[in-house]
Amino acid sequence: MIELQDITWRVDAPHASAESRGLTILDNVSMTLPEASTMAVVGPSGSGKTSLMMMIGGLEQPSAGSIVINGQTITALSEDARADFRRHHIGIVFQAFHLAPAMSALENVMLPLLLSHAPNAEKVATQRLEQVGLGHRLRHFPSQLSGGEKQRCALARATVMSPAVVLADEPTGNLDDENSTLITDLLFSLAREEGSSVLLVTHDASLAANCDAIVTMRDGRLTQHAEAASAGPSAPTASMPTSMSTSMSAPMPVPSDGAASHLEGRIQ
Ligand SMILES: Nc1ncnc2c1ncn2[C@@H]1O[C@H](COP(=O)(O)OP(=O)(O)OP(=O)(O)O)[C@@H](O)[C@H]1O
Ligand SMILES: [Mg+2]
């Protein structure tokens with residue numbers, strides 16, 4: 001379960017004059033995404049969709065407001081504690097993938113498992129890569145993968161731990177219809193079969209329409225919220241603050257620890 005309460009994020013605009021320095025990227029955003037449900041975040045370029053995902057992933061700290069994930073107020077945690085929480089509970093697919101270039105597809109997907117000391121890392125990672133149609137690309141490096149293959153590898157890495165929260169920024173952006181269906185099925189099965197809260201940023205109308213809820217962002221605000229007709233009592237919600245209101249990418253956080261240190265050393 002993800003709960004956002006009045007999230008505002010202000011930054012100093014680069015190279016701005018004193019009067020126009022403050023830039024509000026997220027403006028009073030509140031929403032709830034229960035476990036075992038899916039939410040699509042839509043909206044024009046620059047409206048704050050990626051920023052919202054960064055916040056929920058604990059990669060940025062808001063200027064005001066709180067974020068609670070499965071009972072843990074992540075906005076109250078130190079950066080290290082947030083990274084630890086993220087490693088165990090959150091899977092992120094970045095808009096720009098952020099695969100470790102010096103690692104093979106298999107090593108990229110094994111990394112979260114090794115960092116968590118999960119058993120059978122190679123077997124589990126191989127199965128997930130097979131599930132996204134990359135069983136024949138295990139030993140390829142990111143530079144040897146197509147855009148869609150990189151995207152599927154990133155998705156395999158983000159979901160290999162079956163995390164409580166999956167955040168995906170344009171997960172089908174580079175994919176053909178067949179692979180898009182493959183990825184969509186995987187994301188929806190994580191929600192339905194493993195109970196994950198899945199939040200997708202997407203421009204794909206049919207993908208959005210299949211989610212339990214759709215929220216629209218504009219100028220950092222949540223401006224619109226639609227629920228699927230099938231949504232039950234625990235459906236996702238988003239509340240509109242005083243004005244109407246409205247969401248992610250950054251390098252994969254790389255915690256340090258023994259089992260994976262030989263891999264970490266190769267991340268650039
Ligand atoms: N660290 C930052 N410092 C200053 N401005 C930022 C920062 N991060 C994002 N922005 C600005 O915040 C706005 C929202 O950016 P964001 O990446 O969240 O948009 P988006 O909705 O994901 O767009 P797209 O659909 O193009 O990916 C943009 O105007 C961007 O320039
Ligand atoms: Mg974006």
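The turns below go through a predicted model of one chain, from its confidence to its core, its ligand shell and some single residues.

Residues are numbered from 1 along each chain as its sequence is written, and chains are lettered from A and ligands numbered from 1 in the order in which they are written. In this predicted model, local features need pLDDT of at least 70 and side-chain atom pairs count only at pLDDT 80 or more, while totals for chains, interfaces and linings use all residues.

User: In which element of the chain is confidence lowest?
Analyst: Confidence is given as pLDDT, the predictor's own score for each residue from 0 to 100, and its mean over the chain is 84, with 81% of the residues reaching 70 or more. Elements here are DSSP runs numbered from the N terminus, helices being H or I runs of at least four residues and strands E runs of at least two. Strand S4 (residues 64–69) has the highest confidence, at a mean of 97, and the lowest, at a mean of 36, is in helix H8 (residues 261–264).

User: How many contacts beyond four places in sequence does the model have for residues 229–233?
Analyst: Two residues are in contact if their C-beta atoms, placed from the backbone, lie within 7 Å. Where pLDDT is low, the predicted coordinates should not be read in detail. Over residues 229–233 the pLDDT stays under 50, and the number of such contacts in the model is 2.

User: Which helix gives the most to the largest nonpolar core?
Analyst: A residue is buried if 20 or more other C-beta atoms lie within 10 Å of its own, exposed if 12 or fewer, and partly exposed in between, with C-beta atoms placed from the backbone; a nonpolar core is a set of buried Ala, Val, Leu, Ile, Met, Phe, Trp, Tyr and Cys residues joined through C-beta atoms within 7 Å. The largest such core has 71 residues, of which Ala-40, Val-41, Val-109, Leu-167, Leu-199 and Leu-200 touch the most other members. The greatest contribution to this core, 8 residues, comes from H3.

User: How many of the residues of H3 are buried?
Analyst: Over the whole chain of 268 residues, buried residues make up 45%. Helix H3 (105–115) is mostly covered, and its buried residues include Ala-105, Val-109 and Leu-115. Just after this helix, His-117 takes a positive phi of about 55°. The buried count for H3 is 11 of 11.

User: Why do the buried residues of H4 lie on the same side of the helix?
Analyst: In helix H4 (residues 121–131), the buried residues are Ala-121, Ala-125, Arg-128 and Leu-129. What covers them includes helix H3 and helix H5 (147–159). They share a side because the directions from the helix axis to their C-beta atoms span an arc of only 100°.

User: Which helix gives the most residues to the shell around ligand 1?
Analyst: A residue is placed in the shell if its C-beta atom, placed from the backbone, lies within 6 Å of the ligand, and the residues found there include Val-11, Lys-49, Thr-50 and Gln-95. Strand S2 (22–33) and helix H1 (49–56) are the elements that give two or more residues to this shell. With 3 residues, the largest share comes from H1.

User: How many residues of the shell around ligand 1 are polar?
Analyst: Ala, Val, Leu, Ile, Met, Phe, Trp, Tyr, Cys and Pro count as nonpolar, Asp, Glu, Lys and Arg as charged, and the others, Gly among them, as polar. On that division the shell has 3 nonpolar residues and 1 charged residue, and the number of polar residues is 8.

User: Is Asn-120 buried or exposed?
Analyst: Asn-120 lies in the loop between H3 and H4, and its phi is near 50°, a positive value in a residue other than glycine. Because Asn-120 has 10 C-beta neighbours inside 10 Å, its class is exposed.

User: What is the C-alpha separation of Asp-219 and Gly-46?
Analyst: Asp-219 lies in the loop between strand S9 (213–218) and strand S10 (221–227), and with 17 C-beta neighbours inside 10 Å it counts as partly exposed. Gly-46 is one of the residues around ligand 1. Although Asp-219 and Gly-46 are 173 residues apart in sequence, their C-alpha separation is 7.4 Å.

User: Which residues beyond four places in sequence are in contact with Val-68?
Analyst: Val-68 lies in strand S4 and counts as partly exposed, with 16 C-beta neighbours inside 10 Å. Its C-alpha atom is separated by 7.9 Å from that of Met-1, 67 residues apart along the chain. Leaving aside neighbours within four places in sequence, the contacts of Val-68 are Glu-3 and Thr-73.
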